[in-house]
Structures are given as C-alpha cells and as structure tokens.
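Me: I've got a model open here and I'd like a close look at one part of it. Could you walk me through that part and then tie it to the rest of the chain?

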Amino acid sequence: MAVKVLADYISQTPFLELQGTFKDAILATDYLRDNQTDLIFLDIHLPKLKGMAFLKTLTNPPAVIITTAYHQYAVEGFNLNVTDYLLKPFEFERFLVAVTKVKTAQREKQKSNEPGETKDYLFLNVQKKKVKILFSEIVYIESQKEYIKIVTTKTEYISKMGTHEIEDCLPPNLFKRIHRSFIVSVSKIESYTAEIVEVNGVSIPIGRGYRDIIENL
C-alpha cells in the first residue's frame, strides 16, 4: 500500500520521475549496479536485507528518504546522512517538504561544482561517445522511458538518462519543463496556448501541473 501512495505522490511532483519499485533490497542492489538514480525511498523493514543494512552496503549512495512506521530508527538514519525521515502515514505536503530538500541540495551541489565561467554547452553520452551539444541549438527534449531524445536545429540524439538528470544539466533560465515528458528551449518557443507550445513548428503538450511555468515566462 505504501508503494502505491508513494507512486501517486511522485506522479504529482513535476521534478520527480519514478524509475522503479522493488520488494526487497537485493533486487534494488541489482538495479543500482547498472543504473543511476538521484533519490531512493527506503523502507526499514524489508525481507532478506533490512533497510539500514542495505543503506550501509552502498559505497556512493544517492539521496535517501526513509519511509517507516517506526520512529526509533530516526537517529540511526540521520547518522547515515539520510535526507529526511517520513513516518507513515504521511500526507502529500510532508512528502513534498522532503523531496524539495533533495532538489535544493542537488541544485546547490551543481552550483558548487560549476566554474566561474558559464558554459554554453554540455557533453552527452551518445552511442559510447561524448557528443558536444550547444544549448543554443537545442529545440526540445523528450522522455522515452529510460532514454531521452534531444532535438536540435541540426539533428536528433538519443541518450540513456532520465529527463530529471538532463534537466539538472541545463540552465533553468534557458529551458523549462512543460510536461513530465518534455523540456523546451525558451528561445525556440514561437507561440503557446493553455494546452500546447509551438517550438520550431512542432506542437508539444503542456502538462496540467506545468501551466504556471508557461504563464510566467
């Protein structure tokens, strides 16, 4: 039941994208071996390997939010540098406070890693190569399950990463997420309505939770 609640809350949060759910820590470990993730919601009482023991096995863990009905594990959790500790049952507002902490921390980390000179490009993994893509040439980015498609003024690229990952690499003043599956270049927007944005002749839908972003351009 808790998994369903979390999945529902995640679907309502624009900057989150659910990559997977796992009934035990062993399956989660297998997934993390081959996939990158920014945030784990971790239950304490798991079969085979308990949540805290699982957390101790991670050499370079992502952000972790513990979800449990047992408050006595809070101190141990914070000693392991978890971002927050959600006691079940928790409301959406409390959930949002926790994930916003993660988002803020990631933004601050990104800024601290940036050199003084502002970059106008990124390097993207495309077919085992690092391809340089200028921000000025990006038209829009589309999520395709575990991949993204970047459409530029010259060509298209497919890369294995999530939209939340690429969003963190883009200057927020130049790019806006307008749908769970779409990020657009502000400079390439030709027109918009309450439902769609036109970029370089392509119509892209606006998600219900993203209309304020367009109105505030």
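In which loop does Pro-89 lie?

Reply: Bear in mind that this is a predicted model. Pro-89 sits in the loop between strand E3 (84-87) and helix H5 (92-113). Look at the backbone there: the peptide bond from Lys-88 to Pro-89 is cis, with omega near -10°.

Since you care about backbone geometry, two other spots deserve a look. Lys-145 has a positive phi of about 60°, although it isn't a glycine. You'll find Lys-145 in the loop between E6 and E7, and its relative accessibility of 72% makes it exposed. The other spot is Asn-200, again not a glycine, with a positive phi near 50°. Asn-200 is partly exposed, at a relative accessible area of 41%.

Asn-200 takes us to a hairpin. E12 and E13 form it with 2 residues between them, and Asn-200 is in the turn. Strand E12 (residues 196-199) runs antiparallel to E13, and 4 bridges join the two. Going through the pairs, Ile-196 has Pro-205 in E13 as its bridge partner, while Val-197 stands opposite Ile-204. The hairpin belongs to an open sheet of 3 strands, in the order E11-E12-E13, with antiparallel pairing. Strand E11 (189-192) and strand E13 (202-205) each have a single partner strand, so each has one side without a neighbour in the sheet. From one strand to the next, the twist averages 30°.

Lys-145 leads somewhere else, as the strands on either side of its loop, E6 and E7, also feed the core. The largest nonpolar core has 16 residues, and those with the most contacts inside it are Leu-124, Ile-133, Ile-138, Ile-141, Ile-150, Ile-166 and Leu-170. Strand E4 (121-126), strand E5 (129-134), strand E6 (138-144) and strand E7 (147-152) each supply at least two residues of this core. The largest share, 3 residues, comes from E4. Take Ile-138 as a way in: leaving aside neighbours within four places in sequence, Ile-138 is in contact with Ile-133, Ile-150, Val-151, Thr-152, Leu-170, Phe-175, Ser-185 and Lys-188.

Now for the N-terminal end of the chain. In helix H1 (residues 2-11), Leu-6, Tyr-9 and Ile-10 are buried. They cover an arc of only 100° around the axis, which puts them on the same side of H1. Ile-10 also gives us a reference point for Ile-40, which is found in strand E1 (residues 39-43). The two are 30 residues apart in sequence and 12 Å apart in space, C-alpha to C-alpha. Ile-40 is buried, with a relative accessible area of 13%. With neighbours within four places in sequence left aside, the contacts of Ile-40 are Leu-32, Leu-58, Pro-62, Ala-63, Val-64 and Ile-65.

Zooming out, the secondary structure comes to 7 helices and 13 strands. The radius of gyration is 19 Å, close to the 17 Å that the globule rule gives for 217 residues, so the protein is as compact as a globular protein of that length. Along its principal axes, the C-alpha trace spans about 55 × 40 × 30 Å. Buried residues make up 39% of the 217 residues. As for contacts between residues at least 6 apart in sequence, 44% join residues at least 24 apart.

Key
Residues numbered from 1 in each chain as written. Predicted model: local features only at pLDDT ≥ 70, side-chain atom pairs only at ≥ 80, totals over all residues. Heavy atoms only, no water. Core = buried A, V, L, I, M, F, W, Y, C linked by side-chain atoms within 4.5 Å. Buried < 20%, exposed > 50% of the residue type's maximum accessible area, 1.4 Å probe, protein only. Contact = heavy atoms within 4.5 Å. Pairing = 2+ DSSP bridges. Axes fitted to C-alpha atoms, helices over the stretch in contact; angles between N-to-C directions. Arc of directions from axis to C-beta. Rg over C-alpha atoms; globule rule 2.2 N^0.38 Å.
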